[in-house]
Amino acid sequence: MHDISRLPHLVAGRERLENLWAAGTDYSTDIVEAARVQNAMLHLDLDLTGECKLNCFYCDRTPDRFNDVPNRIEITTHERCELVSQARALGATTVEFPGAGEPMIDPGFWDIVEFVHNLGMTTVLFTSGYHLNENAVDRLFNLGTTVFLKQNSMSSAVQDKMVGVRGYGIKAQRALKLLMERGFNKTIPTRLAVDMVVTPQFNESADFAEVVEMHRWCRENNIHNYIVTLIPEGRADKQAMLLERERTNRMIQAVQKVDEQEFGLTYEPSRPMAGGYRCRQVNVGLFVNLFGEVYDCNGLGRFLGHIRRDSLETIWNSKFSRHVRAPVQDGFCLLRERVWDDGDALSGLERKVQLYRLYKATKGDDPVVTGGLEFAMNPKPKPEDGT
């Protein structure tokens with residue numbers, strides 16, 4: 001009988017767990033520490049369009065991540081490419097499109113991905129797969145892209161219910177098949193990930209059977225398992241939708257048991273991610289939304305500045321930005337933990353400036369943040385040389 005634990009990617013994973021993470025997100029602790037010592041930025045999160053064909057009940061978008069927000073002016077393709085250049089100069093190796101909406105709908109999508117590739121960087125794309133066909137898959141492969149595909153359930157019917165669109169589940173399954181056939185999961189680290197949001201309503205059972213089965217399938221097929229509870233922002237800013245802390249712990253432990261017993265993988269898990277994955281982005285990255293507002297993370301989103309007022313380098317090196325990324329993250333998700341601790345009655349937008357207000361009261365003003373906030377409230381027209 002074939003010993004699955006001897007598959008090359010699993011052998012590599014036992015040597016270095018990050019070898020099982022998706023390429024472009026596989027930041028080990030030594031890489032993060034070296035970047036911190038050198039004050040290097042490794043990761044740029046960049047929103048593209050806010051448009052999307054789906055209607056996910058768990059969508060975490062706050063109002064600043066939708067198109068056509070009153071009194072807000074979206075940044076252009078030209079500006080986004082300039083941001084990529086600035087990030088590269090700061091040391092960035094990855095540009096991630098987490099998806100305000102569906103990134104592939106943005107008219108400048110392919111231009112930006114090609115620009116990223118030409119700078120020798122890795123594109124990480126979060127996508128519903130709704131717009132993936134043979135030609136798009138082939139083009140993404142040739143441009144070195146890593147793909148995180150929405151895959152909330154092995155059941156197409158459950159997928160349809162979770163995204164609010166009939167027929168989506170079948171499209172997603174076809175997209176996954178195309179990506180595997182093209183070889184996105186043939187490298188180490190893999191270039192293919194499953195993005196699974198676990199909610200009490202649909203894909204959770206007492207023993208987390210479907211979560212465990214999805215995880216097992218991912219491990220066997222060298223696919224990064226991005227299995228996580230939802231981000232409590234936007235539509236999902238309701239505790240009833242969020243797996244409680246103890247249930248989250250049980251889910252993570254169920255997955256860890258499979259890893260230890262079936263694949264010989266040992267690690268200390270980090271809530272809320274299953275499978276040993278640890279987000280380390282806050283220490284090495286920045287997020288820029290549709291309107292040029294800069295945050296530490298697309299989930300927690302502590303406001304740091306505005307790219308139409310200051311350069312990315314100025315924002316990266318500001319007093320408050322350095323303060324935010326000083327604590328070692330190593331998987332800790334402040335947003336979820338804060339909600340679990342006390343319910344966190346603040347709105348999504350209030351959360352984004354709460355820490356700065358506390359910082360300002362004790363350490364004084366940071367003109368980059370204060371000026372960025374003023375600029376965000378009184379935006380200037382977009383440049384005429386962009387699209």
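Here is a walk through this predicted model, from the overall fold down to two of its helical regions. Residues are numbered from 1 along each chain as its sequence is written. Local features need pLDDT of at least 70, side-chain atom pairs count only at pLDDT 80 or more, and totals for chains, interfaces and linings use all residues, while side-chain values use heavy atoms, with hydrogens and water left out.

Start with the whole protein: there are 15 helices and nine strands, taken as DSSP runs (H or I, at least four residues, for helices; E, at least two, for strands) numbered from the N terminus. Of the 387 residues, 59% count as buried, that is, under 20% relative accessible area with a 1.4 Å probe, protein chains only.

Now look at α5 (residues 134-142) and α7 (residues 168-182), whose axes come within 10 Å and cross at roughly 45°. Axes here are lines fitted to C-alpha atoms over the stretch in contact, with angles from 0 to 180 degrees between N-to-C directions. That crossing angle makes α5 oblique to α7, oblique being whatever is left after under 35 degrees (roughly parallel), over 145 (roughly antiparallel) and 65 to 115 (roughly perpendicular). On the α5 side, the contact (heavy atoms within 4.5 Å) uses E134, V137, D138, F141 and N142, and α7 brings R174, L178, L179 and R182.

Next, move along to α8 (residues 209-220), with 12 residues. Its buried residues are V211, V212, M214, H215, R216, C218 and R219, and their cover includes α1 (8-15), β5 (192-198), β6 (224-229) and α9 (245-263). Just after α8, N222 takes a positive phi of about 55°.

Notes. Expected span 1.5 Å × (residues − 1). Buried < 20%, exposed > 50% of the residue type's maximum accessible area, 1.4 Å probe, protein only.
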